[in-house]
Amino acid sequence: MTYPLVVHPYHPDLLTRDALKRFCQTAERVGFDGVGFTDHPAPTQKWLAGGGHDALDPFVTLAFCAGVTERLRLIPNIVVLPYRHPLIVAKMVATLDVLSEGRFTLAVATGYLRGEYKALGVDFEQRNALFDQAVEVMRGIWSEDSFSYDGDGVAANGLTANPKPSPLPPLWIGGNSKLSRRRVARYGDGWTPFPAPRALSQTTKTPPLETVEDLSAMLDELWGFVDEAGRDRADIDVSFGTSAGGSAGSTHFDPDAHRAGLDQLASLGVTWAHTGVPGDSLAHALESLEQYGETVIAPSRR
């Protein structure tokens with residue numbers, strides 16, 4: 001479940017301490033297993049006005065959620081890894097993982113907003129190289145004392161950073177590209193693609209993903225890469241959602257059709273189901289969480 005800051009402008013009820021607390025505790029109580037926040041530190045007004053959405057900082061808000069829950073996993077949706085120096089990300093992740101008692105999953109992607117990259121002073125054209133470098137640096141500083149690394153913007157010489165997360169937090173890699181699936185097979189713990197209708201895919205510069213058939217073909221390719229890498233398919237999580245039955249909180253939501261859609265995803269190898277709720281008010285969001293818990297989660301666990 002991603003926090004419903006899904007439009008611009010946001011509903012003011014959603015940006016309060018009480019709202020975050022009630023949302024996370026309600027999600028946990030009705031049976032959700034994870035909560036996430038998006039990552040847009042410097043979006044352009046053009047993007048917001050053209051269908052984008054406002055955002056809270058994912059690390060700050062997930063730390064808050066960790067403090068008011070006991071079981072929920074903390075799964076950003078997603079962290080744009082090249083936006084921040086990898087040693088800073090490594091410290092934030094290690095701190096959050098330790099203080100949440102191992103409940104953090106680092107879900108990351110390269111992102112697609114040129115304007116945001118430019119505002120942050122990061123070279124958009126180097127995003128893939130910076131992404132791979134960041135993973136190497138983070139896992140190095142988490143695993144070694146006197147860690148050294150010489151790379152693009154990283155000059156680490158004999159660094160030791162504590163606390164070290166143990167075990168390392170799962171690394172989920174987002175994106176619909178072949179490159180994202182190759183990364184999962186090479187060093188990831190999960191794949192988290194996102195729905196991309198063909199019209200939207202032109203804006204985000206990502207392969208379209210709008211049908212179960214699209215997902216199935218991508219998964220076939222992923223499992224082929226995993227096999228080539230000599231890894232066990234069972235060690236790879238896949239997170240995706242279904243549009244079957246509509247969305248919780250809508251007047252035409254059909255829980256039976258929705259559960260059938262989730263079963264179809266599970267048969268393809270999807271291990272985590274992602275869904276959303278309306279962001280037009282806190283009351284509607286909480287009501288929708290309750291509805292989803294009662295009509296989808298509870299029946300599936302009987």
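**Entry 1: Ser239**

I began with Ser239, which I found in strand E9, residues 237-240. The model I am reading is a predicted one. Is Ser239 buried or exposed? Its relative accessibility is 9%, and buried means under 20%, so I record Ser239 as buried. I then listed what Ser239 touches beyond its neighbours within four places in sequence: Trp172, Trp191, Thr192, Pro193, Trp272 and His274.

**Entry 2: the sheet**

I next looked up the sheet to which E9 belongs. I noted an open sheet of six strands, in the order E3-E4-E7-E8-E9-E10, with parallel pairing. Which are the edge strands? I found E3 (79-80) and E10 (272-273), each of which pairs on one side only. Strands of a sheet pair through backbone hydrogen bonds, either parallel or antiparallel. At one edge I followed E3 to strand E4, residues 106-109, and counted two bridges in the parallel sense. There I saw that Val80 stands opposite Ala109 of E4.

**Entry 3: helix H7**

I turned to helix H7, which spans residues 178-187. Which residues of H7 are buried? I listed Ser180, Arg181, Arg183, Val184, Ala185 and Tyr187. I then asked what covers these buried residues. The cover includes two strands, E7 (171-174) and E8 (190-192), and two helices, H6 (127-143) and H9 (212-228). Strands E7 and E8 had already appeared in my entry on the sheet.

**Entry 4: nonpolar cores**

I looked up the largest nonpolar core and found that it holds 71 residues. Which of its members touch the most other members? They are Phe23, Phe32 and Leu106. I examined Phe32 further, not counting residues up to four places away in sequence. Phe32 touches Met1, Ala27, Arg71, Leu72, Thr275, Leu289, Tyr292 and Ile297. I also recorded a second, separate core of 14 residues, which includes Trp47, Ile75, Ala107 and Val122.

**Entry 5: the second largest pocket**

Val122 came up again when I inspected the second largest pocket. I noted a volume of about 190 Å³ for this pocket. How many residues line the second largest pocket? I found 15, of which Pro82, Val122, Leu130, Gln133 and Asp152 lie nearest its centre. Helix H6 supplies the largest share of this lining, three residues. By kind, I sorted the lining into seven nonpolar, five polar and three charged residues.

**Entry 6: the cavity**

I searched the whole structure for cavities of 30 Å³ or more and obtained one. The largest cavity has a volume of about 30 Å³. What lines the largest cavity? I listed Pro4, Leu5, Val6, Val7, Tyr10, His11, Leu14 and Gly279. This lining divides into six nonpolar and two polar residues, with no charged ones.

**Entry 7: Leu282**

I closed with Leu282, which lies in helix H11, residues 282-300. Why does Leu282 count as buried? Its relative accessibility is 8%, so Leu282 falls in the buried class. Setting aside neighbours within four places in sequence, I found Leu282 in contact with Asp13, Leu14, Ala19 and Arg22. One of these, Leu14, I had already listed in the lining of the largest cavity. Finally, I compared Leu282 with Arg182, 100 residues apart in sequence. From C-alpha to C-alpha, Leu282 and Arg182 are 39 Å apart in space.

Conventions. Residues are numbered from 1 along each chain as its sequence is written. This is a predicted model: local features need pLDDT of at least 70, side-chain atom pairs count only at pLDDT 80 or more; totals for chains, interfaces and linings use all residues. Side-chain values use heavy atoms; hydrogens and water are left out. Buried means under 20% relative accessible area, exposed over 50%, partly exposed in between (1.4 Å probe, protein chains only). Helices (H or I, at least four residues) and strands (E, at least two) are DSSP runs, numbered from the N terminus. Contact means heavy atoms within 4.5 Å. A nonpolar core is a set of buried Ala, Val, Leu, Ile, Met, Phe, Trp, Tyr and Cys residues joined through side-chain atoms within 4.5 Å. On a 1 Å grid over the protein atoms alone, a cavity is a set of points where a 1.4 Å probe fits but cannot get out, and a pocket is an open set with protein on both sides within 12 Å along at least five of seven lines; lining residues have an atom within 4 Å of a point. Grid points are joined across faces, edges and corners, and a volume is the space filled by probe spheres set on the points. Ala, Val, Leu, Ile, Met, Phe, Trp, Tyr, Cys and Pro count as nonpolar, Asp, Glu, Lys and Arg as charged, and the others, Gly among them, as polar. Two strands pair if DSSP finds at least two bridges between them.
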